[in-house]
Amino acid sequence: MNNPYLPYPVRIDDIEIATEDKSLRTFKFVFLNEGDEEKFAYKAGQFAELSIPGVGEIPIGIASSPVEKGFVKFTVFKAGKVTSHLHNMKVGDVMGLRGPLGNWYPWDKLEGKNVFIIGGGFAFTTLRSSIKYMLDPANRAKFGGIHMVYGARSPGMILYRDELIEWEKRDDINIHLTIDREAPNWDYHVGLGPNIAEKVGPPGNDDTYAIACGPPIMIKFTLPVLEKLGYAKDHIILSLENRMKCGIGMCGRCNIGRELVCKDGPVFTLEELNLTPKEY
Amino acid sequence: MKIVKINKKNWAEGLDSLAGSYSLSGPVKENGYHNFKKLNKGELPDFDFLNTKLSSKSFVFPQSEVMLEYSLDETADDHHIMKEVKKDYSKRAVVGMRPCDAKALMLVKMNFDTADYQDPYWLNAFNATTFVGLACDNPESTCFCTSAGCGPYHEDGLDVLLSDAGDHYIAKALTQKGEELLSAAKWQESADASVMDKKKAEAEAQIASTVKTDQLKKKATLDLHSASFWDDIAFACINCGTCTYACPTCWCFDIQDETKGNKGIRMKNWDTCMSPLFTLHTTGHNPRGDKTQRVRQRFMHKLKYFVDKYDKGIMCVGCGRCIRQCPVNIDIRSICDKMNRYEPAEQSE
């Protein structure tokens, strides 16, 4: 019997400081055992448990993309016991990785459709995975227009900035970066993400889906904007977070009604969420 | 499947034969109440009880269980790599659990044995165990099993059902595992099945307490969730979690690492939805930070979410332990009936 609690051993291959305040770092992991990377095959939108022996486990969205091979990446905010410990770890350290866990953005359903991605703050990780996946030469033709609004407090708080600026130059994706307040040498938008989304977002219709990921306050102001743009509730896709332990739907704490965020989620449509208690 | 008669004179001898191939556990009275314990050689299970204080769930879902182990010694080749621990899953039997506890195992199995993931600790223990039930002829006032999808002679989840018939037991094998146990004990004298049927009907007639569950599936989750009665139900609750530990169908658990020196273990421990820590986010946000939200979660899980998710009735077998042991007299029967008859229109004014 396969043991779903047993993590794959991994080594930290690289650590990058992801934001100017150093509260986020991107960890690149390589699998120690041959064959584990194949077993870890994931889709954009899934998460995994970062497992540090003696400290504990933390569920984090996968920031690398299924089209990137040889490693997996996670961008982690230093917040609690496990993430603080992780921020003090070094390249070469060994730990565990358990997953991939949860569902993913509905890639089958999104084929042939326009995709409007709205991200805020630290929650850009699985969105980065998704865009990288869609922009891959093997996949780009499967999707219609790709639009993106990503907002952060300041230029230095934008995750994956260099990569985004590269993508911004492409003509097969329509990228809008925004910061909350004016800053020197900033050539992009200034203003809160939802306000920019209202100005530049593609109109909602049967062939256009919105994926929104961000802090609760951003989601709160983004949903009315998406409605105004004409997005139906089953065309608005969100990703939830809740406290988790097992990540496989057994330990009982992350439920919202009958749905378990770890296994039935973390990705839900607004239509689905409106049928569940708001316990997230 | 065969039905045998076990003369009580041959009971100890049979159990002794079993002890050769099974590790035996059964109810034993200690500190004034009955609980399950591993039986020493020659020790007999004590059947002079109505029900045990705690259920028999710990045979497959121990209160604390080691899952994995690790070394933090950086000179070792495998430091910081989680390893499976060696576990003993040799043949064991529980003798004298109530049918409600067995039915509860079947409900809990749906959580631990799914199409996507199987919990090896739960399943290996379950598969290694032969469950010998003891039918109830004297229900407690808090027993409502017959309206909770169970009953005093219910067979689901058991391998053998025993019924006390005075100077002898009638034992009904319900599975291959059960037949093997009866053979290993050398209990072979054939018995009359009709005696058991008669006793079953008498026992069921004695269960006076009931719940109504027929409307639960039809109710809208959000209507029940926003019902006005939850504050009132939760008012007296002190969030002690006793109900969840005593409950044979409560399965929630926590995962924790414990390190001593350079060696450590990763454990699975019973947890409780009554604790605010159960759902507390690192940010300080808590989706079920209020007592009412936690009490509602417990009853909504058992009586609505589970009902909708599996379509196998409620996540309760009517054992009544939570009612008897609740320090503030919260009674799942009245809450179930409240939910079952709830109409949102009546409540909104």
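This is a short walk through a predicted model with a chain A and a chain B, taking in the contact between them and then a few places inside each.

Okay, hi everyone. Please keep in mind that we're looking at a prediction here.

Let's start where the chains meet. How many residues of chain B are in contact with chain A? The count is 49 residues of chain B, and they touch 45 residues of chain A. Put together, chain B and chain A bury about 3,800 Å², with 58% of that on carbon and sulfur atoms. If you want names on the chain B side, look for B:H80, B:Y117 and B:K309: they lose the most area to chain A, and together they make up 16% of what that side buries.

There's charge and polarity at this interface too. The rule finds six salt bridges across the interface of chain B and chain A. One of the pairs to click on is A:E57 with B:R266, a salt bridge where the closest N and O atoms are 3.0 Å apart. On top of that, 27 residue pairs across the interface are in polar contact. So which elements does chain B use on that side? Those giving two or more residues include strand 4 (64–71), helix 2, helix 3 (120–128), strand 11 (263–270) and helix 9 (291–310) of chain B. Strand 10 of chain B gives the most, with six residues.

Helix 2 of chain B was on that list, and I'd like to stay with it for a moment. Helix 2 covers residues 99–112, which is 14 residues. At 1.5 Å a residue the helix should span 20 Å, and its end C-alpha atoms are indeed 20 Å apart, so the expected and actual spans agree. Is helix 2 of chain B enclosed or open? Well, 12 of its 14 residues are buried, so the helix is largely enclosed by the rest of the structure. Among the buried ones are B:P99 and B:C100, then B:L105, B:L107 and B:V108, and B:F112.

Still in chain B, there's a hairpin to look at. Strand 2 (residues 23–30) and strand 3 (residues 33–38) of chain B run antiparallel, joined by six bridges. To see one pairing, find B:K29 and its bridge partner B:H34 in strand 3. Two residues sit between the strands, and in the turn B:N31 has a positive phi of about 55°.

Now over to chain A. Here we have an open sheet of seven strands, in the order 10-9-8-7-11-12-15, with mixed pairing. Its edge strands are strand 10 (189–190) and strand 15 (267–269), each pairing on one side only. Further in, strand 7 (residues 114–120) and strand 8 (residues 146–152) of chain A run parallel, with six bridges joining them. A:I117 stands opposite A:M148 in strand 8.

Let me finish with a couple of residues from that sheet. A:H147 is in strand 8 of chain A. Why do we call A:H147 buried? Its relative accessible area is 18%, and the cut-off for buried is under 20%. Leaving aside neighbours within four places in sequence, A:H147 contacts A:V115, A:F116 and A:I117, plus A:N174 and A:P202.

The other one is A:T269, in strand 15 of chain A, one of the edge strands. A:T269 is buried as well, with a relative accessible area of 9%. Not counting residues up to four places away in sequence, A:T269 touches A:K233, A:D234, A:I236 and A:I237.

That's my tour, thanks for listening!

Notes
Residues numbered from 1 in each chain as written. Chains lettered and ligands numbered in written order. Predicted model: local features only at pLDDT ≥ 70, side-chain atom pairs only at ≥ 80, totals over all residues. Heavy atoms only, no water. Helix = DSSP H or I, 4+ residues; strand = E, 2+ residues; numbered from the N terminus. Expected span 1.5 Å × (residues − 1). Buried < 20%, exposed > 50% of the residue type's maximum accessible area, 1.4 Å probe, protein only. Pairing = 2+ DSSP bridges. Contact = heavy atoms within 4.5 Å. Buried area = accessible area lost by both parts, 1.4 Å probe. Salt bridge = Lys/Arg side-chain N within 4 Å of Asp/Glu carboxyl O. Polar contact = N/O pair within 3.5 Å; in protein donor to acceptor, adjacent residues only side chain to side chain.
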